[in-house]
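Consider how a protein surrounds its ligand, going from the site as a whole down to single atom pairs.

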Amino acid sequence: METKQNYIGGKWTAALSGKTRGVVNPATGETLALAADSSRVDARKAVGAARESFYGAGEWRRMNAQKRADVVWGIAEAVEARKGELALLDTRNSGKPLREAEGDVDDAVHCFKYYAGLITKPYGGAYDVNDNFGPMHAYAVHEPVGVCAQIAPWNYPLLMAAWKLAPALAAGNSVVFKPSSLTPLSTVALFEIFDKNGLPAGAANLVLGSGGEAGAELAENRGVDMITFTGSTGVGRSVAVAAAGNLKKIGLELGGKSPNVVFADADFEGAVEWAMVGIFFNQGEVCSAGSRLLIEESLRDRFVKRLAERANALSLGNPEHNPDMGPLVSKAHMERVLRYIETGKKEGATLVCGGSRYTEGECAKGFFVRPTIFDNCAPGMTVVREEIFGPVLTVQTFKTEAEAVALANDTDYGLAGAVFTSDGARALRVIKEIRAGITWINCYNPTFNEAPWGGYKMSGFGRELGIHGLEEYQEIKQVNTNLQPGAIGWYKEP
Ligand code: NAD
């Protein structure tokens, strides 16, 4: 069976220990490939290669922006050319339906193109300053941060890699990237593309392996100038603590428990379908998932009935055959989601549909969970408070706008939220009050490379995508020039 390797300093290399781990297809339980199981030593080696690239003789950060942009654009085109293969890799490895994986490849292509374009439009500032020391001129330039470590989750393997690597590389940084150990396959293919499309050795390095070893080393390593992490809030906290050792610049994209607020005047069928997109897209393994449905009490019975009817009609199957939902990413994760469902039942929520593993037909050996809806949920319930990261929706009701807002904000998280209403002013009032970084009106989940993405509160800090996403990977340098060189007479002559 093929073994996927690390990519360090422009060379494909095995983990120093020789250890590997299996990469599993969650739809079938079969092992797809083996992948290097890197230790701290491998991660250190990758950081060394990135430092040599950035602080040594490496050409990447010294290349002018247009040349770097040409390379990044070339990467986008190569990704596009391998769309079918990359989509199939993510589908087989993460369980997402093929049409969703194809959409991820399109978004990844656009992400590389967007940052290739953006980096050729630098902006800074030139300042008209006057000073006691004589005439001065000041300007500011953006520079790359240095060596960036990037740690990604498993739910959008290729897309999360693009969101991180495109801006960091376009800005001229050298990077060490670690995908989730569950889903490394499309990232390995992406690095094959880097290798063949003019990215100089050491500019981008790949370390495969577990978070506890390779990931923890990247967070701690003092040779790393910046770390960006996308994953759970618990691990994000440990990354932040480890990063404090050398006060690395840090970006955290963490979990969520996002409210989807539906008023009785909303377009009924539209709100039902978007609510489904909000919680069942990618099997609910979406950080911004609309996992808490908050519905105006007068609409509740009709809405929940229709939602359950449509959820029950969703097809589950091998994601290569484009069902509505594929399996969850792993057996362990499926078991975790099923435990949450049991907790919901014990805590008194009313199970409206789903609530169990699905093993019919081609799903017999996979890690499938039926789309699940809990009605009559109360604010203190575990299923309302904790991120489940699966196809599990909780329903709570409200009578007034103020009550809706209070329920929406009754969470430690602040990643996303949505409101459905035909009253435009109300939509804007509610969105203004929701403490979250990503919000939608009359839709749920659309995401754009041009617009900043990130959370409030315990959903993290920093932004990916858009101009803000590029600036995260940049420092700003102020350059002050004396326009009248010569003695200034500040100190007395001896
Ligand atoms: P996770 O926190 O378990 O793992 C994320 C990554 O961190 C993996 O690569 C893992 O190997 C690594 N890791 C684990 N322990 C580590 C440690 N001690 N030090 C350094 N790295 C370590 O998350 P996951 O299960 O892969 O992904 C699901 C989580 O990701 C959910 O909470 C979800 O909300 C979040 N997520 C957030 C966003 C966002 O944009 N805010 C996007 C996608 C996923």
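The paragraphs below describe the ligand site of this predicted model.

The site itself comes first. The ligand takes up the space of the largest pocket. Three elements each give two or more residues to the shell around the ligand: the helices α7 (211–220) and α8 (233–243), and the strand β12 (226–230). On the level of domains, domain 1 (3–254 + 459–479) supplies at least three residues of this shell, and domain 2 (259–441) likewise supplies at least three.

The shell can also be sorted by residue class. Around the ligand there are 14 nonpolar residues, nine polar ones and three charged ones. Of the 26 residues around the ligand, those that come nearest are A152, W154, S232, L254 and E387.

Two of these nearest residues, W154 and L254, also appear among the polar atom pairs. W154 places a polar side-chain atom 2.8 Å from an oxygen atom of the ligand. In L254 a backbone N or O atom lies 2.8 Å from a nitrogen atom of the ligand. A216 likewise uses a backbone N or O atom, which lies 3.5 Å from a ligand nitrogen atom. The ligand taken alone exposes 850 Å², and the protein buries 87% of that.

Technical notes: Residues are numbered from 1 along each chain as its sequence is written. This is a predicted model: local features need pLDDT of at least 70, side-chain atom pairs count only at pLDDT 80 or more; totals for chains, interfaces and linings use all residues. Side-chain values use heavy atoms; hydrogens and water are left out. A residue is near a molecule or strand if one of its heavy atoms lies within 4 Å of it. A polar contact is a pair of N or O atoms within 3.5 Å; within protein, one must be able to donate a hydrogen and the other to accept it, and residues adjacent in sequence count only if both atoms are side-chain atoms. Accessible areas come from the Shrake-Rupley method with a 1.4 Å probe; for residues, only the protein chains shown count as cover. On a 1 Å grid over the protein atoms alone, a cavity is a set of points where a 1.4 Å probe fits but cannot get out, and a pocket is an open set with protein on both sides within 12 Å along at least five of seven lines; lining residues have an atom within 4 Å of a point. A molecule sits in a cavity or pocket if more than half of its atoms lie within 2 Å of its grid points. Helices (H or I, at least four residues) and strands (E, at least two) are DSSP runs, numbered from the N terminus. Ala, Val, Leu, Ile, Met, Phe, Trp, Tyr, Cys and Pro count as nonpolar, Asp, Glu, Lys and Arg as charged, and the others, Gly among them, as polar. Domain bounds come from an automatic or database domain assignment.
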